[in-house]
Amino acid sequence: MTRIAFIGLGIMGSPMAVHLHRAGNAVVGFNRTPAKAQPLVAAGGTAAGSIAEAVADADVVAVMVPDTPDVVEVLTGDDGVLAHARPGTLVIDFSTIRPDVTADLAMRATAAGLRMLDAPVSGGQAGAQNATLSIMVGGAAEDVQAAMAVLGAVGRTIVHVGPAGAGQTVKAANQLIVAGHIALLAEAVIFLEAYGVDTAAAVEVLGGGLAGSAVLNQKARKMLDRSFEPGFRIDLHHKDLGILATAAREAGVVTPLGAAVGQLMAAARAGGDGALDHSGLLRTIERLSGRAT
Ligand code: NAP
């Protein structure tokens with residue numbers, strides 16, 4: 001039985017921790033807001049009162065928190081993982097954060113006697129609930145091998161993409177592609193509505209052709225129903241497009257469509273929609289089209 005500390009029990013972390021417990025591991029969860037450990041405890045896992053307590057006996061530490069400063073705090077804070085985990089512990093960061101900071105954190109973990117992988121995920125809330133996430137893994141091959149049972153309990157497509165930080169680089173590309181799809185789907189829906197087309201019928205036929213996509217399958221209905229409970233928050237996608245913009249600039253490449261959708265995502269957030277699912281980008285397109293009610 002592997003002892004797993006799971007830090008960050010939000011929309012994604014909570015179902016992932018429950019899957020890991022059901023796969024036969026001993027899971028101890030910690031979340032800043034303690035009530036969010038409830039689903040894990042109800043499934044038979046344990047809640048810890050601090051990160052130090054959660055990681056003290058762990059073989060594996062999983063982290064799933066929102067942003068780069070959160071991961072830095074969880075790993076390097078006084079109460080953090082590097083200060084309190086046992087030597088040799090495998091740290092798997094599932095969060096989506098900056099690739100350059102990830103590479104630095106991996107070096108600091110190694111210096112503290114730990115092993116670290118970046119393992120950001122794609123597949124959304126549904127992927128976490130169904131344990132069908134796509135996981136892009138950066139780090140040493142032997143550590144990826146050691147993590148396979150844990151990764152396999154929460155994901156279906158697991159690919160080692162390179163050294164520390166490479167998983168986050170691939171995830172930034174993932175977020176560029178998803179954001180572009182969401183924006184174009186939102187534009188298509190507003191366009192169709194303007195012509196009074198039966199949008200449900202339109203989405204059905206579009207889904208069967210070249211325009212079909214996982215984004216269309218998961219997000220079109222939310223747009224048609226104006227049902228924007230997250231899911232994946234606009235605040236988080238805004239963060240990810242910032243990560244992409246910085247990394248692309250450092251590499252000296254341009255992402256013109258990424259820049260455009262980054263501005264739309266920023267407008268959605270500035271307009272008060274940051275806590276909505278990213279399909280709520282539709283509201284920004286609707287406002288820009290003068291069709292908001
Ligand atoms: P979320 O619902 O906001 O969950 C994050 C959790 O981390 C919250 O419960 C938060 O606690 C906790 N947390 C934050 N800082 C902490 C700290 N210092 N110590 C302990 N717990 C802390 O976010 P999410 O949607 O699960 O996303 C998590 C990560 O997965 C992000 O990097 C996101 O980009 C990525 N991701 C999300 C999705 C998706 O569809 N949602 C898909 C793929 C990847 P509080 O309750 O106190 O705020």
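**Ligand surroundings and strand pairing**

Helices α7 (124-129) and α12 (234-251) each contribute at least two residues to the shell around the ligand, in what is a predicted model. Of the 26 residues around the ligand, those that come nearest are Thr-33, Lys-36, Pro-66, Arg-233 and Lys-239. By chemical character, the residues of this shell comprise 12 nonpolar, nine polar and five charged.

Oxygen atoms of the ligand take part in contacts with both backbone and side-chain atoms of the protein. A polar backbone atom of Met-12 lies 2.9 Å from an oxygen atom of the ligand, and a polar side-chain atom of Arg-32 is likewise 2.9 Å from a ligand oxygen atom, while for a polar backbone atom of Val-65 the distance to an oxygen atom of the ligand is 3.2 Å. The ligand on its own has 890 Å² of accessible area, of which the protein covers 92%.

Strand β4 (residues 60-63) pairs with two other strands, β1 and β5. Strand β1 (residues 3-7) runs parallel to β4 and is joined to it by four bridges, with Ile-7 having Val-63 of β4 as its bridge partner. The pairing of β4 with strand β5 (residues 90-93) is also parallel and extends over four bridges, and here Val-60 is partnered by Leu-90 of β5. In a regular strand the side chains alternate between the two faces of the sheet. In β4, accordingly, Val-60 and Ala-62 point one way and Val-61 and Val-63 the other, and all are buried.

Helix α9 (residues 166-194) has 29 residues and reaches 43 Å from its first C-alpha to its last, close to the expected 42 Å. Just after α9, Gly-196 adopts a positive phi of about 65°.

Terms used. Residues are numbered from 1 along each chain as its sequence is written. This is a predicted model: local features need pLDDT of at least 70, side-chain atom pairs count only at pLDDT 80 or more; totals for chains, interfaces and linings use all residues. Side-chain values use heavy atoms; hydrogens and water are left out. The expected span of a helix is 1.5 Å times one less than its number of residues. A residue is near a molecule or strand if one of its heavy atoms lies within 4 Å of it. A polar contact is a pair of N or O atoms within 3.5 Å; within protein, one must be able to donate a hydrogen and the other to accept it, and residues adjacent in sequence count only if both atoms are side-chain atoms. Accessible areas come from the Shrake-Rupley method with a 1.4 Å probe; for residues, only the protein chains shown count as cover. Ala, Val, Leu, Ile, Met, Phe, Trp, Tyr, Cys and Pro count as nonpolar, Asp, Glu, Lys and Arg as charged, and the others, Gly among them, as polar. Buried means under 20% relative accessible area, exposed over 50%, partly exposed in between (1.4 Å probe, protein chains only). Two strands pair if DSSP finds at least two bridges between them.
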